[in-house]
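Grab a pencil and open the viewer. Let's work through a few exercises together, one step at a time.

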Amino acid sequence: MRKQMNIIAFALTGAVLLTACCTTDQLSSRDIGSAVPALQSSDKVEIPKDMSGAYVTDGVEVYEDFVLDNVLHSDNHAEIHYNLYIPENYDGTRSYALFITLPGWEGLYFQGVGENIRREKFGREARKYHDDMIVVAPQLSDWGETSAEETIALTEYFLSNYNIDRKRIYINGYSGGGETLSIVLAKRPELFTAALHCASQWDGDLTVLAQSRTPLYLAVGERDEYYGPESVQRAYQLLCDLYAADGLTEEDIRKLVVLDVKDQEYFSARGQTNQHGGSVQFAFDQQMMSWLFGDHGEPVESESQNNKRVLTSQAKVSDVMLLPAFHGFGQFL
């Protein structure tokens, strides 16, 4: 993972939950085996050409009901290793939700089979929110473009081979997995119902995400030792500005983007002295997880489509540094 950017930190005190507010002065938030039938998803999905010959080698070992080290093979991608949970009652006759959880550095494949689900509990905890949900926990090879493309390929494989409810497809990324997530959302955000970005930085272009209006929750410690909060604060600011420029209301923007900056008290209460490593505790945070797996309704439509200049240009997080402190949603308490 790249080093934390060297910029001036924002002054934040306490656990701050920011949701967009339309004022300019302040802001007040799987095939477990061949026995499982492979069916089309509940909505028609076009199978990408590079995935049409894809097949899976099934894992054998099981940990916490996850089948470990399944491998997706396809012509255009290297082997994609992933751990998989499928509810016992899944038989392909009705659509199930799908959750993709992207790991941090210690959960990458070279660290050992199953290390992601041993160290991070997002996949296990997610099952408490939807009992009819397939959970895919890939062990990726990096935190950049390669892993983002592998994540998209894996998601598309499940959508085209299993009965998936297209209105309930969720994704999260922790640490390096959050960097991967930001790139995934810059490429194919429309694949997902909602996303949770944890203790990381934002590397992706926000333009496509803003156009898709996929709801996003950004969570980070105010003194995260690796990344700090500044990158996600800038992403939040720019995304809010993009939505506002496209005519969305304050209420609409609140549905689409949340910034949650946690203070040391939050981590101490959970027995954590390190904010970055302690952010694995976000998996047990009912507010975050309930938001991710909650009802996000129908896609938000803007009241006005007059201003297309902002949404059709490249919108990168680094661009926000060019903006003055007093700039629409760029105010933080």
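Below are four exercises, each with a worked solution.

Before you start: this is a predicted model, where local features need pLDDT of at least 70 and side-chain atom pairs count only at pLDDT 80 or more, while totals for chains, interfaces and linings use all residues. Residues are numbered from 1 along each chain as its sequence is written, and side-chain values use heavy atoms, with hydrogens and water left out.

**Exercise 1.** Check the span of helix H3 (residues 145-161), then work out how enclosed it is.

*Solution.*
- Step 1: Helices (H or I, at least four residues) and strands (E, at least two) are DSSP runs, numbered from the N terminus.
- Step 2: The expected span is 1.5 Å times one less than the number of residues. For the 17 residues of H3 that gives 24 Å, and the end C-alpha atoms are 24 Å apart, so the two agree.
- Step 3: Next, burial: buried means under 20% relative accessible area, exposed over 50%, partly exposed in between (1.4 Å probe, protein chains only). In H3, 13 of the 17 residues are buried, so the rest of the structure largely encloses this helix.

**Exercise 2.** Where is aspartate 132 found, and which residues is it in contact with, leaving aside neighbours within four places in sequence?

*Solution.*
- Step 1: Look in the loop between helix H2 (122-126) and strand E7 (133-139); aspartate 132 is there.
- Step 2: Its relative accessible area is 10%, so aspartate 132 is buried.
- Step 3: Contact means heavy atoms within 4.5 Å. Without those close sequence neighbours, aspartate 132 touches Arg94, Ser95, Tyr96, Ala97 and Arg168.
- Step 4: With arginine 168, the side chain of aspartate 132 makes a polar contact of 2.8 Å (a pair of N or O atoms within 3.5 Å; within protein, one must be able to donate a hydrogen and the other to accept it, and residues adjacent in sequence count only if both atoms are side-chain atoms).

**Exercise 3.** How many aromatic pairs are there in the whole structure, and is the pair of tyrosine 90 and tyrosine 96 stacked or edge-to-face?

*Solution.*
- Step 1: Rings of Phe, Tyr and Trp (its six-membered ring) pair if their centres lie within 6.5 Å; planes under 30 degrees apart are stacked, over 60 edge-to-face, the rest tilted.
- Step 2: The search finds 18 pairs.
- Step 3: For tyrosine 90 and tyrosine 96, the centres are 5.1 Å apart and the planes at 85 degrees, so this pair is edge-to-face.
- Step 4: Tyrosine 90 and tyrosine 96 are both buried.

**Exercise 4.** Find the ring that the charged end of arginine 127 sits over.

*Solution.*
- Step 1: A charge sits over a ring if NZ of Lys or CZ of Arg is within 6 Å of the ring centre and within 35 degrees of the ring normal.
- Step 2: The ring belongs to tyrosine 85, and the charged end lies 4.0 Å from its centre.
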